[in-house]
Amino acid sequence: MGRAIVVSFEDETIRVLYATFRRKNIVVDDALILRNEQFDDFLLKEKRKEFIVVNSFKDFFQDTILVPPTKARLIKILVEAEIRKRSQFKDFSFIYTTTGEKIVQQRRMKEVFVFAVRNEDIKEIVNRFIFKGKVIKAIYPDIFSLACLIRPEPMPLLCVSETGLNKNIFLIKDGVMQFIRIAQSLEQGIGDVDIQGIKMTINYCRQALKINPYLIMLIGSLCSNYNVTVDTSIPIACLTHQSFRSPRTNGLTPVVRGSQMSSALLDFISPLSALFIPRDRDINLLTIEYKNLFRTRLLLRYSTALFLSLSIIGMVYTGFIVKNIMESKDRLSSIRRNLPDIDNTLTIYDMKKAELAGYMPFVTSFRNAASIPDIQRFLYLLSELKVDSIRIDYISINTGNNILNVELKGSVKTEGYAGMQMDYQKLINSIAGLKGVSIKSHGLDFKDKSFHIKMEYQ
């Protein structure tokens, strides 16, 4: 659920609208009418910080210009250059809409309607809020804001609204602004003199713009203040936006508290229209500097909220850790108090250690003896060898590094070199097959039939 405050500057009158967004409904909570000299006091007393502004600009530049088809960012640059060339504005903000295409000198060109105002006028409005510590989210021209309430129609509409005694006459086709004219009037409401001015505007649209309006659309308080005795060439109707008809209709539906619906809509149609501007309709005239200021303020607000949240979480976590530390400290103190006399324990430990030192030589000797491989087991393995044609003359066994270093010497009784070699190889293979035995070197001398074998047993 979001809330919004819309301030509408209408000549010397300022209208303020308080609204709340609830799902698909807009609830109008309150509405005020202020004089210009009362507005500064209102800002001082108002607690909310962010506002939406709708303003009726008296001095503006409008025109339809032709630009070649190109990218959107380049169109904006071309439009800005044309405004500088055609207007007397040096520092300005502008909005533009593409109204159609046109063939000029066998070239396809885009028709763009532009609306520009001086940045001085924008800064004058913004500064009134900034000096009171407030922020403006957007500034909408009242004519473009009201145009967002009108359903796009292929047939052109000539719309008329009122700001003070001035009549705002603007032409809309396919939901796009085509022309704007501000006509001065002698009194509020629609009279015969105003109808004559509207007829002149219709003739201008037909002759200069080649557009023939099919309907005159009255907006806001003009619908309830209609005093015309002359006939018009085209029908006249009042704006009845589908979102204003009934709470049961689809879309955003305003619900007004404490006043009649029709009266509130007619008198506050300008600020109310700012709540129905589509997101894709870029009619915000705030300068880039003020837009960046608003984004920075919004970022700082969210960053501050995040910092405060993290700080609270950090303090809670720190308190939890400190609590655990204190509990652990108390638990250690309790254990320390219940420990037996440590000096007595150390004395007994030293005595037992000294007694153990007297047995260490025997323990070391026993450990070394236990680490020597079983010689009897090795000799038993040798006795299993098939040595019918082999005579072993010499066996040497030495211990070291938990292994037995064994050396065998003997001779082969077989006659002939081939037989000697065969019986000797059988001996080598038998020894190599013994578990835990690895042969390091061996050799056979055919002259005297002697051999030697070096091996290890683990």
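A salt bridge is a side-chain nitrogen of Lys or Arg within 4 Å of a carboxyl oxygen of Asp or Glu. The tour below applies that definition first, in a model that is predicted.

**Stop 1: charged pairs**

Select Glu37 and Arg35, whose side chains meet in a salt bridge with an N to O distance of 2.8 Å. Glu37 is exposed, its relative accessible area being 55%, whereas Arg35 is partly exposed at 46%. The structure holds 16 salt bridges, and two further examples can be found in a single helix.

Proceed to helix α2, residues 72-86, and select Arg84 and Glu80, which both lie there, four residues apart, about one turn of the helix. Their salt bridge has its closest N and O atoms 3.1 Å apart. Both partners are partly exposed: Arg84 has a relative accessible area of 42% and Glu80 one of 29%.

Now select Glu82 and Arg86, also in helix α2 and also four residues apart, about one turn of the helix. The closest N and O atoms of this salt bridge are 3.2 Å apart. Which of these terms describes Glu82, buried or exposed? Glu82 is classed as buried because its relative accessible area is 18%, and the cut-off for buried is under 20%. Arg86, by contrast, is partly exposed at 40%. Add Asp63 and Lys85 to the selection: salt bridges that share partners join Asp63, Glu82, Lys85 and Arg86 into one network.

**Stop 2: the nonpolar cores**

Which residues touch the most other members of the largest nonpolar core? They are Phe129 and Phe170, in a core of 63 residues. Select Phe170 and display its surroundings. Beyond its neighbours within four places in sequence, Phe170 is in contact with twelve listed side-by-side here for selection: Ile143, Leu146, Ala147, Ile150, Leu157, Leu158, Cys159, Ser161, Met177, Phe179, Ile180 and Ile219. Another core, of 21 residues, lies apart from this one and includes Val406, Ile431, Ile453 and Met455. In soluble globular proteins, nonpolar side chains tend to be buried together.

**Stop 3: Leu285, in a loop**

Select Leu285, in the loop between α7 (269-273) and α8. Leu285 is buried, with a relative accessibility of 1%. Setting aside residues up to four places away in sequence, Leu285 touches Phe57, Ser93, Phe94, Ile95, Phe115, Val117, Ile122, Ile139 and Pro141. For a distance check, select Leu34 as well: Leu285 and Leu34 are 251 residues apart in sequence, and their C-alpha atoms are 23 Å apart in space.

**Stop 4: a nonpolar patch on the surface**

Continue into helix α8, residues 288-338, where Phe320 is placed. Phe320 is partly exposed, at 48% relative accessibility. Select Tyr317, Ile321 and Ile325 together with Phe320: these residues form a nonpolar patch on the surface, and their accessible area together is about 410 Å².

**Stop 5: Asp192 and Lys210**

Select Asp192 in helix α5, residues 192-207. Asp192 is partly exposed, with a relative accessible area of 27%. Not counting residues up to four places away in sequence, Asp192 touches Asn227, Val228, Thr229 and Val230. Leu215 is 23 residues from Asp192 along the chain, and 17 Å separates their C-alpha atoms.

Next, select Lys210, in the loop between α5 and β12 (215-218). Lys210 is exposed, with a relative accessible area of 69%. What is the phi of Lys210 near? Phi of Lys210 is near 60°, a positive value in a residue other than glycine. Most residues other than glycine have a negative phi.

**Stop 6: Thr414 and Lys449**

Finally, select Thr414, in the loop between β16 (403-412) and α11 (417-432). Thr414 is buried, with a relative accessible area of 18%. Its side chain makes a polar contact of 2.2 Å with the side chain of Asp423. Apart from residues up to four places away in sequence, Thr414 touches Ser389, Gly419, Met420, Asp423 and Lys449.

The last of these, Lys449, lies in the loop between β17 (437-445) and β18 (450-457). Lys449 is partly exposed, with a relative accessible area of 21%. Phi of Lys449 is near 60°, again a positive value in a residue other than glycine.

Definitions and conventions: Residues numbered from 1 in each chain as written. Predicted model: local features only at pLDDT ≥ 70, side-chain atom pairs only at ≥ 80, totals over all residues. Heavy atoms only, no water. Core = buried A, V, L, I, M, F, W, Y, C linked by side-chain atoms within 4.5 Å. Buried < 20%, exposed > 50% of the residue type's maximum accessible area, 1.4 Å probe, protein only. Contact = heavy atoms within 4.5 Å. Helix = DSSP H or I, 4+ residues; strand = E, 2+ residues; numbered from the N terminus. Polar contact = N/O pair within 3.5 Å; in protein donor to acceptor, adjacent residues only side chain to side chain. Patch = residues over 30% accessible without salt bridge, like charges linked within 9 Å, V, L, I, M, F, W, Y side chains within 5 Å. Areas by Shrake-Rupley, 256 points an atom, 1.4 Å probe, with all protein chains shown as cover.
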